[in-house]
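Here's a walk through a protein–DNA model, starting with the DNA and moving on to how the helices pack. Keep the structure open while you read.

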There are 2 protein chains.
Amino acid sequence: MLRSGVQTGYSIKRAVDRSTRFFWATSFAQVYPELAQLERQGYVAGRDEPRGARPRKTYRLTEKGRRALDGWLRSPRVPGFEFRDEGLLRLFFADALPPDDAVDLVRRLREHATEASRSFREDILPLAESAPQHGYRFPLVAARWGSDYYTWRAGWLAQLQTELEASLPRRGSGRRQTD
Amino acid sequence: MLRSGVQTGYSIKRAVDRSTRFFWATSFAQVYPELAQLERQGYVAGRDEPRGARPRKTYRLTEKGRRALDGWLRSPRVPGFEFRDEGLLRLFFADALPPDDAVDLVRRLREHATEASRSFREDILPLAESAPQHGYRFPLVAARWGSDYYTWRAGWLAQLQTELEASLPRRGSGRRQTD
DNA sequence: GGAAGCATGTAAAGTGTTACATGATTTT
DNA sequence: AAAATCATGTAACACTTTACATGCTTCC
């Protein structure tokens, strides 16, 4: 973030909220101590630049920081599966619910994916579309990924919901048919 | 896991490695203390059942634990975006690399997705296919999701790679990948 | 004058990873 | 006899979240 001109802890957090939040979020309580530590370790250099009476500390990448960023992006190691999805975890355990309620769980997950997909198309993508004009093309690529992903996910869950509903006995009617 | 007949800390960890690992992993150092805490809080009940001279402690869900599991599965709250993906994060910042190396990053991410997709089809799905015979259908659903997801992801990244390669000026020294 | 936004942090608690440490039983 | 698997845990560290705490500046 520093590399692309974002300078203060506050604005790093804001930039994350507008961009990477969907695959990597953060908080003020993480950003400020981390900047302090990166400064101690020489990856960034800070400077006090108050705005009037309001304190403000700007940071820039040092050469060491630039090399570390570069090394991270080039690193062949792609983390195994550093990836958590509580929705999928619930789905995995859905046998603990009566069939009707399991379908309900799938419906909630689908609604959530649909909403995320909408949010990407309407909120995130338009924001990201200004980035290429400033020489940054990959933020838009990542936003497109998010939009496409949640659209795909909503479709997958809709298909599952249909399958599950077809295999359920009608509510209120008698015996269940074989599936 | 306890609910479906898995009894010891060791086998919970093993079950996670064979199933939910792709959207929620764990470790022994997390499982054992957590079981102890859940027992103190009354969600599970433990019992010493050594096998010969080898110590062994089995656990079962209490009624309170069963209710908590049920409550979690029914909870309308689906966590905003509890979801992290270091690969996507790298992609977002790929403007920090020369174009050729950015394409390389995309290629590595694609290879990783392809490998994960293969691993799902060949390792995880066959394992999950035995679950329905024991009355558990959703583990297979989750495994199908994983398989479909990584296949989708590999395709998306392949498409991106193609686009990026088309937009690159051709390099005389040509380290072009054919795959 | 009030609301929204800019700006910085600490404290406490909760969560998760890696390394260390041990030993029995079963399979090859 | 060795390797794999079963089995349990601790210690140290790293990471993350939520709540707390403060105050300035700009816009309406």
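A polar contact here is a pair of N or O atoms within 3.5 Å. Keep in mind that this is a predicted model. With that cut-off in hand, take DNA strand D: one of its phosphate oxygens sits 2.6 Å from an N or O atom in the side chain of Gln30(A).

**DNA strand D**

Let's stay with this strand for a moment. DNA strand D is surrounded by 20 residues, and the closest are Gln30(A), Ala53(A), Arg54(A), Lys57(B) and Arg84(B). Where do its protein-facing atoms belong, to sugar or phosphate or to bases? Of the atoms of DNA strand D within 4 Å of the protein, 65% are sugar or phosphate atoms, and the rest are base atoms.

Chain B has a hand in the polar contacts too. The side chain of Tyr32(B) brings an N or O atom to 3.0 Å from a phosphate oxygen of DNA strand D, while a polar side-chain atom of Arg54(B) lies 3.3 Å from a base oxygen of that strand.

As for secondary structure, α2 of chain A and both α1 and α2 of chain B each give at least two residues to the surface near DNA strand D. Sorted by class, that surface has eight nonpolar, five polar and seven charged residues.

**DNA strand C**

Now over to the other strand. There are 19 residues around DNA strand C, with Arg54(A), Arg84(A), Ala29(B), Gln30(B) and Arg54(B) the closest. Sugar or phosphate accounts for 59% of the atoms of DNA strand C within 4 Å of the protein, and bases for the rest.

Which side chains of chain A make polar contacts with this strand? Tyr32(A) has a side-chain N or O atom 2.9 Å from a phosphate oxygen of DNA strand C. Arg84(A) also goes to a phosphate oxygen, at 2.3 Å from an N or O atom in its side chain. For Arg54(A), the partner is a base nitrogen of DNA strand C, 2.8 Å from a side-chain N or O atom.

The elements that give two or more residues to the surface near DNA strand C are α1 (9-18) and α2 (28-40) of chain A, plus α2 of chain B. The largest share, three residues, comes from α2(A). By class, the surface near DNA strand C comes to eight nonpolar, five polar and six charged residues.

**Helix packing**

Next, the helices themselves. Here are three pairs side by side:

| Helix pair | Angle | Axis separation |
|---|---|---|
| α1(B) and α2(B) | about 135° | 9 Å |
| α5(B) and α6(B) | about 160° | 8 Å |
| α6(A) and α6(B) | about 150° | 11 Å |

Start with helix α1 (residues 9-18) and helix α2 (residues 28-40) of chain B, which pack at about 135°. That angle makes α1(B) oblique to α2(B), and their crossing is right-handed. On the α1(B) side the contact uses Gly9(B), Tyr10(B), Ile12(B), Lys13(B) and Arg14(B), which meet Phe28(B), Val31(B), Tyr32(B) and Leu35(B) in α2(B). By class that's six nonpolar, one polar and two charged residues. Notice Tyr32(B) on that list: its side chain also has the polar contact with a phosphate oxygen of DNA strand D.

Further along chain B, α5 (residues 99-128) and α6 (residues 138-167) pack at about 160°. α5(B) and α6(B) are therefore roughly antiparallel, and α5(B) passes α6(B) in a left-handed crossing. Their contact divides into 18 nonpolar, six polar and six charged residues.

**Between the chains**

Finally, α6(B) also packs against helix α6 (residues 138-166) of chain A, at about 150°. That makes α6(A) roughly antiparallel to α6(B), with α6(A) passing α6(B) in a right-handed crossing. Residues from α6(A) in the contact include Trp145(A), Trp152(A) and Trp156(A), and α6(B) gives, among others, Trp145(B), Trp152(B) and Trp156(B). How many polar residues does the contact of α6(A) with α6(B) have? There are no polar residues, with 16 nonpolar and eight charged making it up.

**One loop residue**

A last stop is Arg56(A), in the loop between β1 (44-48) and β2 (57-61) of chain A. Leaving out residues up to four places away in sequence, Arg56(A) touches Gln7(A), Thr8(A), Arg47(A), Asp48(A), Glu49(A), Pro50(A) and Arg51(A). Arg56(A) and Tyr10(A) are 46 residues apart along the chain, and their C-alpha atoms are separated by 9.3 Å.

Conventions
Residues are numbered from 1 along each chain as its sequence is written. Chains are lettered from A and ligands numbered from 1 in the order in which they are written. This is a predicted model: local features need pLDDT of at least 70, side-chain atom pairs count only at pLDDT 80 or more; totals for chains, interfaces and linings use all residues. Side-chain values use heavy atoms; hydrogens and water are left out. Axes are lines fitted to C-alpha atoms, for helices over the stretch in contact, and angles run from 0 to 180 degrees between N-to-C directions. Helices (H or I, at least four residues) and strands (E, at least two) are DSSP runs, numbered from the N terminus. Angles under 35 degrees count as roughly parallel, over 145 as roughly antiparallel, 65 to 115 as roughly perpendicular and the rest as oblique. A crossing is left-handed if the near helix is turned anticlockwise from the far one by less than a right angle, and right-handed if clockwise. Contact means heavy atoms within 4.5 Å. Ala, Val, Leu, Ile, Met, Phe, Trp, Tyr, Cys and Pro count as nonpolar, Asp, Glu, Lys and Arg as charged, and the others, Gly among them, as polar. A residue is near a molecule or strand if one of its heavy atoms lies within 4 Å of it. A polar contact is a pair of N or O atoms within 3.5 Å; within protein, one must be able to donate a hydrogen and the other to accept it, and residues adjacent in sequence count only if both atoms are side-chain atoms.
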